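Reader: Hey, I've got this structure open and I'm a bit lost. Can you walk me through some of it?
Author: Sure, let's look at it together.

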Amino acid sequence: MTAQLEVTEPGPGPLDAPRPRRSSQRVALAAGSLAVIIAAVVIVANHQAGSPSAEPPVPGATQSSAHPRSAATPSRLTAVRSLLRERAAAMVHHDRARFMATIDPVATKFRRSEATMFANTARVRFTSWSYTLGSGSLRLPTSRARHYDAPAWAPSGFALHYRLAGFDGQPTDLPQYPTFVDRSGRWYLASLSGFRRRGDVSSTGLWDYAPVDVVRRGPALVLGPGSELATMTAVAQVVETAIPEVTAVWGRHWARRAVVLVPSTQHEMSLVTADRGDLDQIAALTSSEVGNVRGSQAPVGDRITINPRNWPKLGPLGANVVLAHELTHVASRADTSAATPKWLSEGLAEYVGFHDTDVAATVAAAELATDVRSGRAPTKLPRDAAFRGDNPALPQAYETSWLACRSIATRYGQDALVRFYRAVGASAPPSAVAVNGALRRVLGISDATFTVQWRDYVRSELVG
């Protein structure tokens, strides 16, 4: 096990250049008789390392008010690097005294919250824990700078990286916004929330909210509070069953293991996933970050997060469909790009979720079937915006996408569907151009022909 620190020295250009952040995929709770879940697509949000709201220097302000492009002094940078090494080693080796020695002795409330967070990780095994520390500075709000009554520094480009033992092939890449203070010649971590009011919120984990219990079953690692132990155990069993189902369709070229988070509440789910959208219709959500892996932008930190409010609504079949769906997002993540439309990523995941079931299309796509029988058959595939959690027609968006992908598999073969998906992801945006090109290269048809085919397929499956 290793505890590392990576210090990045800025090259040419602004320190506050955008760093790709999380992509997330949702699974919506359908209102049909099975109460099953249907999927969502990759949403890539750019995280501003240092944030675009960094302000110019203020005369007479403390060190934390430096311009974002100003470099940290060598002594300060060296001291903070040493502090972070100690903090990283303490997390890996579960050394409480060493961990607490890195925290500002004056910040009583922060010390309490950090001590609780540390204790909450007692059952979690980390292979590594490290930080990326830029040498630039962010302007700390004046009120916060005065609050410390000491020299303070808020670095730009700061990120947390950790690996869960046995499951994370690459470390996470989670943005955080720390503030460090100098107390009598020694630097300490004083806060992780100094920029919250301007919308720059440090990433958090389940351990920030409750003691974390762990259930490991073969290729499944499930984390959650002890109060959710029964759900965690059931989820682990379903994941173990669903992984071979996903592999049978997608192939063996993925990790074939999964980390699943079970928060205590839906609100906690929104905090852990950094998803501020409407989760009321969501039963599960996958997320990852886009990190720099071996010189390329690759997805890291894949997590499936269960919505504890909606999960109990699922029966055994629904639970299996949902997790097979979510695992498909994990498996296909590396082949999903900005060129991949949501109807394709959601449709593929739904296709895999229902692949080994005997559920009739009229049941799995009950809402769309009602529309078609009423003369409201879809004429075009849903746009990305149709997959928002607050869309009242969310089930229809998922159902239409599922039948579009199922129509490809039925007419051209399952392998062709997978090849088509990969071809779209390997293309350059926009999505329409990527899809049209992949249709011609992989399936040998035009977009117009495909549209006719899937519309006919929808009518045949839902009306007969």
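Reader: Okay, random start: what comes right after α10?
Author: α10 is followed by Gly375, which has a positive phi, near 85°. Keep in mind that this is a predicted model.

Reader: Got it. And which residues of α10 are buried?
Author: Helix α10 runs over residues 366–373, and its buried ones are Glu367, Leu368, Ala369, Asp371 and Val372.

Reader: What covers them?
Author: The cover over the buried residues of α10 includes α9 (361–364), α11 (394–412) and α14 (447–462).

Reader: Let me zoom out. How many helices and strands are in the chain?
Author: The chain has 14 helices and 15 strands. It is 464 residues in total, and 57% of them are buried.

Reader: What about contacts between residues far along the sequence, how many of those?
Author: Take the contacts between residues at least 6 apart in sequence: 70% of them join residues at least 24 apart.

Reader: Cool. Which residues touch the most others in the largest nonpolar core?
Author: That core has 75 residues, and Val239, Leu327, Trp343, Phe420, Phe450 and Leu462 touch the most other members. Helix α5 (residues 229–250) gives the largest share of the core, 10 residues. Apart from that core lies another one of 41 residues, including Phe99, Trp153, Phe158 and Val272.

Reader: Let's pick Phe450. Where is it, and is it buried or exposed?
Author: Phe450 sits in helix α14. Its relative accessibility is 1%, so Phe450 counts as buried.

Reader: What does Phe450 touch?
Author: If you skip residues up to four places away in sequence, Phe450 touches Trp343, Leu381, Ala404, Ser407, Ile408, Leu439 and Ile445. Take Ala404: Phe450 and Ala404 are 46 residues apart in sequence, while their C-alpha atoms are 9.0 Å apart in space.

Reader: And Phe420, what is that one in contact with?
Author: Leaving out neighbours within four places in sequence, Phe420 is in contact with Trp343, Leu344, Ile408, Val435, Ala438, Leu439 and Val442.

Reader: New topic, helix packing. How do people describe two packed helices?
Author: By the angle between their axes and the distance between the axes.

Reader: So how do α12 and α13 cross?
Author: The axes of α12 (residues 414–425) and α13 (residues 431–443) come within 9 Å and cross at roughly 140°. That angle makes α12 oblique to α13. The crossing of α12 past α13 is right-handed.

Reader: Which residues make that contact?
Author: From α12 you have Ala416, Arg419, Phe420, Ala423 and Val424, and from α13 there are Ala434, Val435, Ala438, Leu439, Arg441, Val442 and Leu443. By class, the contact of α12 with α13 has 10 nonpolar residues, two charged and no polar.

Reader: And α8 with α12, at what angle do they cross?
Author: Roughly 150°, with the axes of α8 (residues 342–355) and α12 coming within 11 Å.

Reader: Why are α8 and α12 called roughly antiparallel?
Author: Because angles over 145 degrees count as roughly antiparallel, α8 and α12 are roughly antiparallel to each other. α8 passes α12 in a left-handed crossing.

Reader: Last one: which residues are in that contact?
Author: α8 brings Trp343, Leu344, Ser345, Leu348, Tyr351 and His355, and α12 brings Gln414, Leu417, Phe420, Tyr421 and Val424. The contact of α8 with α12 divides into eight nonpolar, three polar and no charged residues.

Key
Residues numbered from 1 in each chain as written. Predicted model: local features only at pLDDT ≥ 70, side-chain atom pairs only at ≥ 80, totals over all residues. Heavy atoms only, no water. Core = buried A, V, L, I, M, F, W, Y, C linked by side-chain atoms within 4.5 Å. Buried < 20%, exposed > 50% of the residue type's maximum accessible area, 1.4 Å probe, protein only. Helix = DSSP H or I, 4+ residues; strand = E, 2+ residues; numbered from the N terminus. Contact = heavy atoms within 4.5 Å. Axes fitted to C-alpha atoms, helices over the stretch in contact; angles between N-to-C directions. Parallel < 35°, antiparallel > 145°, perpendicular 65-115°, else oblique. Left-handed = near helix turned anticlockwise from the far one by under 90°. Nonpolar A, V, L, I, M, F, W, Y, C, P; charged D, E, K, R; others polar.
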